[in-house]
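Got your viewer open? Here is a walk through one structure, with a suggestion at each stop for what to select next.

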Amino acid sequence: MVITGNTALIPHIGYPTSSFKAPMIYNPYFEDAGIDAVVVPMGVPTDAFAAAMPVIFRLTNFHGALITMPHKVRVVDLLDEVSTEVKIAGSCNAVRRLADGRLIGDMFDGEGFVRGVLRKGQAIAGRSALVVGSGGVGCAIAASLARAGVARLGLYDPQIAAMDGLARRLTTHYPAIRIVTGSNDPAGYDIVVNATPLGMEPGDPMPVDVARIAPGTFVGEVVMKQETTAFLAAAIARGCPAQIGLDMLFEMIPAYIEFFGFPTTTPETLRRLATIPA
């Protein structure tokens with residue numbers, strides 16, 4: 001991959017950078033597709049955020065940025081325009097600078113999840129979904145499910161303030177959706193999502209009572225540390241179609257690419273070209 005003075009710079013901003021996988025996915029695709037752009041990891045600790053971000057955004061070859069922890073929330077205040085998903089999630093993981101210099105932001109965690117569900121032949125519009133976890137990824141998934149037309153949306157998080165805040169924001173932007181809070185009982189839902197860290201470590205409790213999930217319910221996971229968590233394994237054993245956490249990552253990248261104004265691709269192409277070490 002040849003980088004020149006004309007190459008569009010897309011910094012991947014967060015801290016620490018040791019676990020970043022985006023450059024190993026985007027850059028092989030850019031090279032294969034002949035797109036003159038490059039994703040570069042940039043480690044910005046929290047105490048450097050206020051000074052570093054305005055400078056990065058003013059670089060003349062800055063095209064846009066991938067934003068990850070711990071900056072997804074703080075970056076919102078630096079932007080000129082944000083999507084409904086950002087307003088609901090309260091966080092942003094993609095920034096693009098327009099020709100007039102304005103910075104716009106979007107959030108694609110939820111979009112990646114929803115694209116994966118639809119690609120697997122599952123309907124969302126008019127159906128019901130339970131999202132367990134009202135942190136950053138849970139908020140994003142709930143927002144994207146709402147945009148996709150879910151009719152009833154259950155929210156559960158032991159942090160009641162976070163759960164209720166998400167419910168209020170969803171109601172503001174999607175008043176027609178029936179929002180139910182305070183229960184992680186999966187019975188009666190068409191889609192059940194674990195948007196918590198439960199499953200990252202052996203022995204973690206289940207996010208819901210799997211015995212209460214009806215066979216045929218679509219079950220989704222956000223944990224990427226292992227492909228099939230205990231939760232997914234138990235749901236699959238009950239006859240549930242499922243989506244692993246890593247699917248969300250590969251599904252959201254085409255959405256990012258479109259946001260940045262480049263020719264889009266498929267998750268299959270990204271997986272084939274990616275150079276992530278085994």
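Start by selecting E111: at 12% relative accessibility, it falls under the 20% cut-off and so counts as buried. Keep in mind along the way that this is a predicted model.

**Around E111**

E111 sits in helix α4, which covers residues 109–119. Leaving out residues up to four places away in sequence, show what E111 touches: S144, R147 and A255.

Now colour the whole of α4. How many of its 11 residues are buried? The count is 8 of the 11, so α4 is largely enclosed by the rest of the structure. Besides E111, the buried ones are D109, G110, G112, F113, V114, G116 and V117. To see what covers them, bring up α5, β10, β11, β12 and α8, which are included in that cover.

Before leaving α4, click on G121, which comes after the helix: its phi is positive, near 85°. Most residues other than glycine have a negative phi.

**The cavity**

Keep E111 on screen and add E85, D106, M107, F108, S144 and R147: together with E111, they line the largest cavity. About 30 Å³ of space lies inside the largest cavity, and the count of cavities of 30 Å³ or more comes to 1. What is the make-up of the lining, by nonpolar, polar and charged residues? It divides into 2 nonpolar, 1 polar and 4 charged.

**The open sheet**

Next, switch to a cartoon view and pick out the strands in the order β9-β8-β7-β10-β11-β12: these 6 form an open sheet with parallel pairing. The edges are held by β9 (178–181) and β12 (242–243), each of which has a single partner strand, so one side of each is left without a neighbour in the sheet.

Zoom in on the β12 end. Strand β11, residues 218–221, is joined to β12 by 2 bridges, and the two run parallel. For a specific pair, select V219 and its bridge partner in β12, A242.

Then add helix α7, residues 230–237. It lies across β10 (191–194), β11 and β12, and runs at about 170° to β11.

**Strand β1**

Over to β1 (8–14). Is β1 enclosed or open to the outside? 7 of its 7 residues are buried, so β1 is largely enclosed by the rest of the structure. Show the side chains and look at which way they go: A8, I10, H12 and G14 point one way, while L9, P11 and I13 point the other way, and all are buried.

Which strand pairs with β1 through 7 bridges? That is β2 (residues 37–43), running parallel to β1. Select I10 and you will find V39 of β2 opposite.

**Two cis peptide bonds**

Carry on to the loop between β1 and α1, where P16 has its place. The peptide bond joining Y15 and P16 is cis, with omega of about -5°. Then jump to the loop between β3 and β4 (81–82), where P70 is found. Here the bond from M69 to P70 is cis, with omega near 10°. For context, most peptide bonds are trans.

**The largest pocket**

Last stop: turn on a pocket surface. The largest pocket has a volume of about 1300 Å³. Of the 39 residues lining it, S19, T68, K72, M224 and L249 are the closest to its centre, which makes them a handy selection for centring the view.

Which elements supply at least two residues each to this lining? They are α1 (22–33), β3 (64–67), α5 (136–147) and α8 (245–259). Helix α8 gives the most, with 7 residues. Colour the lining by residue class and it divides into 28 nonpolar, 7 polar and 4 charged.

Finish on L249, found in helix α8. At 17% relative accessibility, L249 counts as buried. Not counting residues up to four places away in sequence, L249 touches I25 and M224. If you would like a ruler check, draw a C-alpha to C-alpha distance from L249 to A125: they are 22 Å apart in space and 124 residues apart in sequence.

Conventions
Residues numbered from 1 in each chain as written. Predicted model: local features only at pLDDT ≥ 70, side-chain atom pairs only at ≥ 80, totals over all residues. Heavy atoms only, no water. Pairing = 2+ DSSP bridges. Helix = DSSP H or I, 4+ residues; strand = E, 2+ residues; numbered from the N terminus. Contact = heavy atoms within 4.5 Å. Axes fitted to C-alpha atoms, helices over the stretch in contact; angles between N-to-C directions. Buried < 20%, exposed > 50% of the residue type's maximum accessible area, 1.4 Å probe, protein only. 1 Å grid on protein atoms, 1.4 Å probe; cavity = no way out; pocket = protein on both sides within 12 Å on 5 of 7 lines; lining within 4 Å. Points joined across faces, edges and corners; volume = space filled by probe spheres on them. Nonpolar A, V, L, I, M, F, W, Y, C, P; charged D, E, K, R; others polar.
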